[in-house]
Amino acid sequence: MNRIKRQMTTLVAAAVLLVSIGTGIAFGFCPLKAEAAGRPAAISSCLISGSEVVCQIDAGSVPYSDDGKYYIYADEVYEDGPTGDVVATVKAGSSVSVSFPLNYNAADSNLSRKFLVAMKQGGQMVQVSDEHYITNPEALAAYTANRMNTGIKGILPDTTKLDNGDLADLGIQQAVYNMYLDDICSAASVPGAVPFDYNGQTYYFDGPMLANYDALVKAFNRSGIQVTMVILNHGTGFYAKDLIHPAAVGVECEGYALNVADAAGTNHLKAIGAFLGQRYCGSQGCGQIDNWIIGNEVNARTSWWYSSSDSLDFNVGIYVKAFRIFYNELKSKNANVWVYNSIDQEWNRKSNPGSFLAKDYLDQFNYYMLREGNIDWGLSYHPYNSPLYDPYAWNGPAVWVKDNLKTPYITMQNIDLLIDYMHQPKFLNPAGEVRSISLAEIGYTSSFGDAAQEASIAYGYLKAASLPDVDAFMLYRQTDNAHEMTSNLALGLYDTNGNRKPAYEIYKNLGTANEGAAKARASEIIGMDIDQMISQNIVWTRSGDGVVQ
């Protein structure tokens with residue numbers, strides 16, 4: 001469960017400073033339908049080819065129509081059925097290819113629209129296929145930056161310590177950070193605003209805030225650290241009110257569902273995605289961001305992806321639309337970025353009744369991705385202990401950690417369940433490969449002793465390193481947070497007085513030539529050889545509910 005709070009710290013570095021950097025029907029929205037309508041035709045592919053979009057339409061039996069034609073509609077994400085623009089017509093057939101202009105960076109750009117086939121029946125247009133998005137936006141990309149893939153060892157950094165050499169000393173290879181969209185949006189009247197012309201409109205971004213992000217990203221890049229940025233919507237920015245989904249307006253929370261319900265919000269999101277993809281492609285002097293996570297723990301509806309609807313399908317539906325926009329816009333600028341969704345560890349149990357089960361959310365998300373055009377999305381997963389303050393990563397409560405898919409939680413102990421789950425054919429990427437899995441947030445408390453934190457960090461990292469499908473292990477966090485400590489969540493490598501904990505040394509040694517010392521220390525604490533425990537997938541559990549006595 002994510003506890004990354006709004007970052008208002010000050011970055012003090014050699015040359016830079018970072019300053020913080022009900023239901024859908026009640027709002028006039030009908031819940032999206034998860035099930036296909038048994039439609040007789042299908043768009044089997046939708047690809048960019050030069051300045052055109054080429055769609056392949058297949059039908060087992062060609063439906064009857066008044067004029068024997070297929071009408072291809074381009075809908076904005078908030079439109080449903082044959083209500084958008086007719087971009088092409090073609091004689092109906094069992095296997096038909098049709099093309100139409102992409103209109104890239106124009107008011108009628110088709111890059112992030114969805115397409116469907118309709119036929120005229122009894123004088124009315126009737127939808128005869130499911131929707132389908134463009135699935136190769138990278139074909140447009142002017143930039144293809146070499147990714148900074150050097151290893152999985154990551155951290156949420158304390159930006160006040162960027163100039164003290166810690167990240168290099170720790171051997172950090174990846175850093176994760178938050179970007180609040182309402183922080184970076186601006187207006188022409190604001191001094192220092194950065195204009196960006198896109199799809200026939202001019203949008204503005206906060207120049208000083210962007211400069212802070214630029215400085216941070218470049219500082220990481222200079223140290224050979226790969227950057228993962230989490231896109232969030234805190235909802236407080238005056239120039240970003242159109243980014244809050246109408247079903248989330250009027251409630252105070254940590255994060256809001258993004259607005260894909262109308263033209264203003266949708267167009268703004270498109271521009272933001274294109275702007276960020278271009279700015280942080282590595283060729284604009286602003287730094288390089290390789291990985292983007294869209295939202296945070298989006299199954300935790302009332303916390304991080306708020307909407308008033310308790311319908312799983314409604315919430316997944318609006319998230320999928322926002323995800324599609326960012327995926328296509330980001331990759332249309334930099335072909336090599338990876339784009340991730342984000343869910344928490346509550347696989348089959350909700351600690352908050354307003355949340356959705358992580359498994360259900362993942363399944364529904366994947367359903368839409370397959371139905372509307374498979375793309376190379378990645379999974380960002382947060383395998384925290386349960387309870388969150390439980391100090392023993394290697395010995396969780398038996399009531400919460402089980403060795404089958406009915407387990408209430410998936411933690412680092414049984415993370416192999418998630419890995420195996422993602423190996424199912426229906427979850428593979430378009431190339432038939434297992435998707436990138438980023439453990440983008442994981443932390444262990446020292447509130448019940450430094451030794452438990454040491455061993456837990458070693459266990460978690462070594463377990464992740466043993467799994468070829470895991471591309472990141474992001475330790476949360478570098479320094480304790482006083483607010484979190486009131487809940488026994490002393491998760492940092494430093495305490496609040498600036499003192500290094502023993503966990504600092506063990507994390508430093510992991511993944512290096514000195515890893516043996518870290519393993520020996522962890523094995524001593526655990527009471528078993530940690531290599532044996534991990535290689536043989538030995539899972540210890542204990543009775544009780546996880547309350548530490």
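The following paragraphs lead through the structure shown above, from the whole chain to single residues.

The structure is a predicted model, in which local features need pLDDT of at least 70 and side-chain atom pairs count only at pLDDT 80 or more, while totals for chains, interfaces and linings use all residues. Residues are numbered from 1 along each chain as its sequence is written, and side-chain values use heavy atoms, with hydrogens and water left out.

We begin with the chain as a whole. The C-alpha atoms occupy a box of roughly 80 × 55 × 45 Å along the principal axes. The radius of gyration of the chain is 24 Å, in agreement with the value near 24 Å for a compact globule of 549 residues. This radius is taken over C-alpha atoms, and the globule rule is 2.2 Å times the number of residues to the power 0.38. The chain contains 12 helices and 22 strands. Helices (H or I, at least four residues) and strands (E, at least two) are DSSP runs, numbered from the N terminus.

Next comes the surface. The accessible surface of the chain is about 19500 Å², and carbon and sulfur atoms account for 51% of this surface. Accessible areas come from the Shrake-Rupley method with a 1.4 Å probe, and for residues only the protein chains shown count as cover. Of the 549 residues, 59% are buried. A residue is called buried under 20% relative accessible area, exposed over 50%, and partly exposed in between (1.4 Å probe, protein chains only).

Two helices illustrate burial. Helix 4 covers residues 263–279, and its 17 residues reach 24 Å from the first C-alpha to the last, close to the expected 24 Å. The expected span of a helix is 1.5 Å times one less than its number of residues. Because 13 of its 17 residues are buried, helix 4 is largely enclosed by the rest of the structure. At the N-terminal end of helix 4, Asp-262 acts as a cap, with a side-chain oxygen 3.3 Å from the backbone nitrogen of Ala-264. Such a polar contact is a pair of N or O atoms within 3.5 Å; within protein, one must be able to donate a hydrogen and the other to accept it, and residues adjacent in sequence count only if both atoms are side-chain atoms. Helix 5 (residues 312–331) has 20 residues, and its end C-alpha atoms are 28 Å apart, in agreement with the expected 28 Å. Since 19 of these 20 residues are buried, helix 5 is also largely enclosed by the rest of the structure.

A pair of buried residues can be followed from here. Trp-377 is found in the loop between helix 6 and strand 18 (378–381), and its relative accessible area of 0% makes this residue buried. Leaving aside neighbours within four places in sequence, Trp-377 is in contact (heavy atoms within 4.5 Å) with several residues, among them Phe-323, Tyr-327, Asn-366, Phe-427 and Arg-435. Arg-435 is 58 residues from Trp-377 in sequence, yet their C-alpha atoms are 7.0 Å apart. Asn-366 lies in helix 6 (residues 358–371) and is buried as well, with a relative accessible area of 2%. Not counting residues up to four places away in sequence, Asn-366 touches Trp-377, Lys-426 and Phe-427.

The cysteines deserve a separate look. The structure holds zero disulfides, a disulfide being a pair of cysteine sulfur atoms within 2.5 Å. Why is Cys-185 without a bond to Cys-286? The sulfur of Cys-286 is the closest cysteine sulfur to that of Cys-185, but the distance is 16 Å, too far for a bond. Cys-253 is likewise in no disulfide, and its nearest cysteine sulfur, that of Cys-185, is 17 Å away. Cys-185 is buried, at 3% relative accessible area, and Cys-253 is buried at 16%.

Finally, we turn to the backbone. Most residues other than glycine have a negative phi, and most peptide bonds are trans. Asn-199 has a positive phi of about 50° and is situated in the loop between strand 13 (194–198) and strand 14 (201–205). Asn-537 also has a positive phi, near 50°, and lies in the loop between helix 12 (530–535) and strand 22 (540–542). Is each of these residues buried or exposed to some degree? Asn-199 is buried, with a relative accessible area of 11%, whereas Asn-537 is partly exposed at 36%. A cis peptide bond joins Ser-386 and Pro-387, with omega about -5°. Another cis bond runs from Tyr-476 to Arg-477, with omega near 10°.
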